[in-house]
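Reader: I would like a close look at the cysteines and aromatic rings in the interior of this protein. Please take me through them step by step.

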Amino acid sequence: MDFDLENPLTISHDIHSDSVTSLFSIESDHMPSENYFQTLQAGDFDISIRREAIASISQLCCNSDKFLSYLAVNYLDRFLSCQEKLFQQPKPWIIKLLAISCVSLAAKMKKTDFSILDFQSDGGIIFDTRTIERMEFLILGALKWRMRSITPFSFILFFISLFKLEDPPLRQALKARATQIIFKTQNDMKLLVFKPSIIAASGLLFASHELFPMQSPCFKKALSNCSNVNKVTLLQCYNCMQDSTVDEYDSVLEMVSSSVTPANVFDQTFSSSAESGRTTVTSITTLKLERDIKRRKISEYCKDHHDRVVQINFSSDPELLRPS
């Protein structure tokens, strides 16, 4: 059965069905262990290992669907969170093998066409299929075979339904911008403590503040009134997202159509230099001014349209995974 990050349980596509309740009840099973962030923050676990593995995943997925990379990083964090001792001082080839295996598992889940050789075209150690499969089984065991990850994308449509947006282009614009924000902030370790649903709600709140500033307070109230959303946690996550994206106000939506939507208005007003004819960002002050202009334009448009262990070991010797 195909795996869709927006509908991981494949029970029902009805956003008001019992499947949504099930998502909220089991989302914590698809998060890293509770002390993972504290371990990274305290330096008990070398954060550069995570950073290097994510960089490898990004490189391996550079020509693929962004959801593939997101799923692979989800597997990575969940695995590292319960295998910290194993990766205290790993050799570089182990980190690369882990990244390849996470991507390979994600590709299999999403039924994405891929080749192991394509994943290793950058040179260096070439891992054979058997070595990769052995690492994959270690990951599967550590994750208790819970590979249909519940991610923020599983909650976006449900939360959007609370906003009562009638215009489909506006709903698509909000979903696409929130998706973009979630992609951009995944690598920020501060977000590891938040449940997928909270990340989804925060991403939508962030996007609504950008796209529909006049309606944003209503959206915030709708999210806060949801029984599955903790108001304090929501604002904490929202603030983390703000910190993470302060320098990333590039394009709003690459996923919406070319029809007249808030995305087009946003893009058309983006920092065009009259003298050079090229898009430039010269300072944070300029960037904030441009963002205000975008918000006003989008607000005008909106008014016109009525408003988240099996203990694995390498037989006590990770060297057993060394490729022959």
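Author: A disulfide is a pair of cysteine sulfur atoms within 2.5 Å. With that cut-off, the predicted model holds zero disulfides. Take Cys-237, whose closest cysteine sulfur is that of Cys-240, at 6.4 Å; this is too far for a bond. Cys-237 is buried, at 0% relative accessibility. Cys-61 can be read in the same manner. Its closest cysteine sulfur belongs to Cys-62 and lies 8.1 Å away, so no bond can be assigned there either. Cys-61 has 6% relative accessibility and also counts as buried, because the limit for that term is under 20% relative accessible area.

The nonpolar interior comes next. The largest nonpolar core has 89 residues, and Ile-57, Tyr-75 and Phe-159 have the most contacts inside it. Helix H5, residues 92-109, supplies the largest share of this core, with 13 residues.

Phe-159 deserves its own paragraph. It is buried, with a relative accessibility of 0%. Setting aside neighbours within four places in sequence, Phe-159 touches Phe-24, Ser-197, Ala-200, Ala-201, Leu-204, Leu-223, Cys-226 and Val-229. Phe-24 appears again among the ring pairs: together with Phe-155, Phe-158 and Phe-159 it belongs to a cluster linked by such pairs.

That leads to the aromatic rings. A pair of aromatic rings is described by the distance of the centres and the angle of the planes. There are 15 aromatic pairs in the structure. One of them joins Phe-158 and Phe-159: the ring centres are 5.4 Å apart and the planes meet at 55 degrees, so the pair is classed as tilted. Phe-158 is buried as well, with a relative accessible area of 13%.

Phe-206 and Tyr-238 make up another tilted pair, with 5.8 Å from centre to centre and 50 degrees between the planes. Phe-206 sits in helix H9 (residues 196-211) and Tyr-238 in helix H11 (residues 231-245), so this pair ties together parts that are 32 residues apart in sequence. Phe-206 is buried, with 3% relative accessible area. Tyr-238 is buried too, at 11%.

To return to the cysteines: Cys-237 is buried, yet its sulfur is 6.4 Å from that of Cys-240, too far for a bond.

Conventions
Residues numbered from 1 in each chain as written. Predicted model: local features only at pLDDT ≥ 70, side-chain atom pairs only at ≥ 80, totals over all residues. Heavy atoms only, no water. Core = buried A, V, L, I, M, F, W, Y, C linked by side-chain atoms within 4.5 Å. Buried < 20%, exposed > 50% of the residue type's maximum accessible area, 1.4 Å probe, protein only. Helix = DSSP H or I, 4+ residues; strand = E, 2+ residues; numbered from the N terminus. Contact = heavy atoms within 4.5 Å. Phe/Tyr/Trp six-rings, centres within 6.5 Å; stacked < 30°, edge-to-face > 60°.
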